[in-house]
Amino acid sequence: MHADRTNRTMMVLFGLLLIAVGLDAGAASIGAYGTHTQHSLLMANPTGHFIGSNGAWLWPVAAVAALIIALLALRWLLALLFSTDRSGDLVIRSSSGAGRTTLANGALTDAVVGEIEGYRGVNSARARLIGDAEDPELVVTAGLEESADFTALRQRIETEALTHARQALGNMALPTQLDLTISTKKASRVT
Amino acid sequence: MRLINRVLAALLSLALIAVSLLLIIEVIVDRASHRTAIVNWHTAYHWAQRNSWAAGSIRVTSGILVLIGLLLLIAELKRPRVSRFAADPAGAGADGIDTAYTRRGLGAAIRSAVTAVDGVRSAAVKVKRRKVKIAAIASAQDRAAARSLRDPIAEAARERLTALKLRRSPSVLVRVAPRSR
């Protein structure tokens, strides 16, 4: 995940801010706000006067605001560096409600990968569970050999490997994404 | 774009942290001892007291800011390149599975079909949202022979697209050039 949505929003806001500041200063510079403003000194404006006359309380307030901004930026940076969209271990609920079974995330994805890679015509497979552990989504990528029967392989993966994964989780409606890629690479399978 | 965004976001967050800390330190040191700590902001303050909005440096800086802002905005709001081509759900083996071919995979599949056509030496395939552009090089040096390959190449590409059973097949555009030497 790496906070991709936040990154995009922040970049759009930053872009808009740069445009706004640039246009405002540019407009003052070419005289769009009148010749008086154009030829007045940079600090000789209502904002400059306000800052000058209220510095006693304004700068401490600015420092507190800066502290909040720094903490938010630090949180953003940590999310960028360490966040992941992978689910944790999955809790399988029994129909009786008694007992508790936990399925390791890697156990399921390894089984799916192993099964798909065993199909003739598949040269590689990757799988991961993303989202909330209570409501995960299975994302599988399978690399098909260029000589394979793509439609037959797609159906086999869907009806066998992915259906087995759903059965293992006891959730036949498990949201599943299958990405198929085709390459000239041959599977290193012993036949 | 996602990767570039992550790098830009890391730089922006670091810059925000640095500037904020700098401001906090300067305010504390100024309150405590009436002097600057790291940045001599008095120089900037005096410069702003001497210069007007009409200064050339203000215009240049404004122009640069607008330019960077526009580039950033265009890059962020541009429609991203399609990365997945959905497979036809009619051919699905199970319900509720979102199956698609990757753009790179689709390109490789079409390229292998095209290069299997007799007389084609090599091919480059560009896959776009609605169009597949094939630039093939014929084995022949003769222009007419190269041109005669256009239909078989297009046919091979369409056959491959049909075999993939996509929800919506992109159209095929073929350009064939004779071998140069």
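Me: A residue is buried if 20 or more other C-beta atoms lie within 10 Å of its own, exposed if 12 or fewer, and partly exposed in between, with C-beta atoms placed from the backbone. On that scale, is B:Lys165 buried, partly exposed or exposed?

Reply: This is a predicted model, in which local features need pLDDT (the predictor's confidence in each residue, from 0 to 100) of at least 70, side-chain atom pairs count only at pLDDT 80 or more, and totals for chains, interfaces and linings use all residues. Residues are numbered from 1 along each chain as its sequence is written, while chains are lettered from A and ligands numbered from 1 in the order in which they are written. B:Lys165 is found in the loop between α6 (150-164) and β5 of chain B, where helices (H or I, at least four residues) and strands (E, at least two) are DSSP runs numbered from the N terminus, and its phi is near 50°, a positive value in a residue other than glycine. Because 18 C-beta neighbours lie inside 10 Å, B:Lys165 counts as partly exposed.

Me: How many other C-beta atoms lie within 10 Å of B:His34?

Reply: B:His34 lies in the loop between α1 and α2 (41-50) of chain B, and phi of B:His34, a residue other than glycine, has a positive value near 55°. Most residues other than glycine have a negative phi. B:His34 is exposed because the number of other C-beta atoms within 10 Å is 7.

Me: Which element of chain A gives the most residues to the side that touches chain B?

Reply: Contact means that the C-beta atoms of two residues, placed from the backbone, lie within 7 Å, and 59 residues of chain A are in contact with 55 residues of chain B. Each of α1 (4-30), α2 (35-39), α4 (55-82), α6 (150-169) and β5 (176-183) of chain A supplies at least two residues of that side. With 18 residues, the element that gives the most is α1(A).

Me: What distance does α1(A) reach from its first C-alpha to its last?

Reply: The buried residues of α1(A), among them A:Met10, A:Phe14 and A:Leu18, pack against α2 of chain A together with α1 (2-33) and α3 (56-77) of chain B. After α1(A) comes A:Gly31, whose phi is positive, near 90°. The expected span of a helix is 1.5 Å times one less than its number of residues, and for α1(A), with 27 residues, this gives 39 Å, close to the reach in the model of 38 Å.

Me: Which residue of β2(B) is the bridge partner of A:Leu180?

Reply: Two strands pair if DSSP finds at least two bridges between them, and β5(A) pairs in the parallel sense with strand β2 (residues 97-102) of chain B over five bridges. Within β2(B), the bridge partner of A:Leu180 is B:Tyr101.

Me: Which helix supplies the largest share of the largest nonpolar core?

Reply: A nonpolar core is a set of buried Ala, Val, Leu, Ile, Met, Phe, Trp, Tyr and Cys residues joined through C-beta atoms within 7 Å, and the largest one has 52 residues, with B:Val114 and B:Ile134 among those with the most contacts inside it. B:Val114 touches residues including B:Val120, B:Ile153 and B:Ala157, not counting residues up to four places away in sequence. The largest share of this core is six residues, and they come from residues 103-115 of chain B, helix α4.
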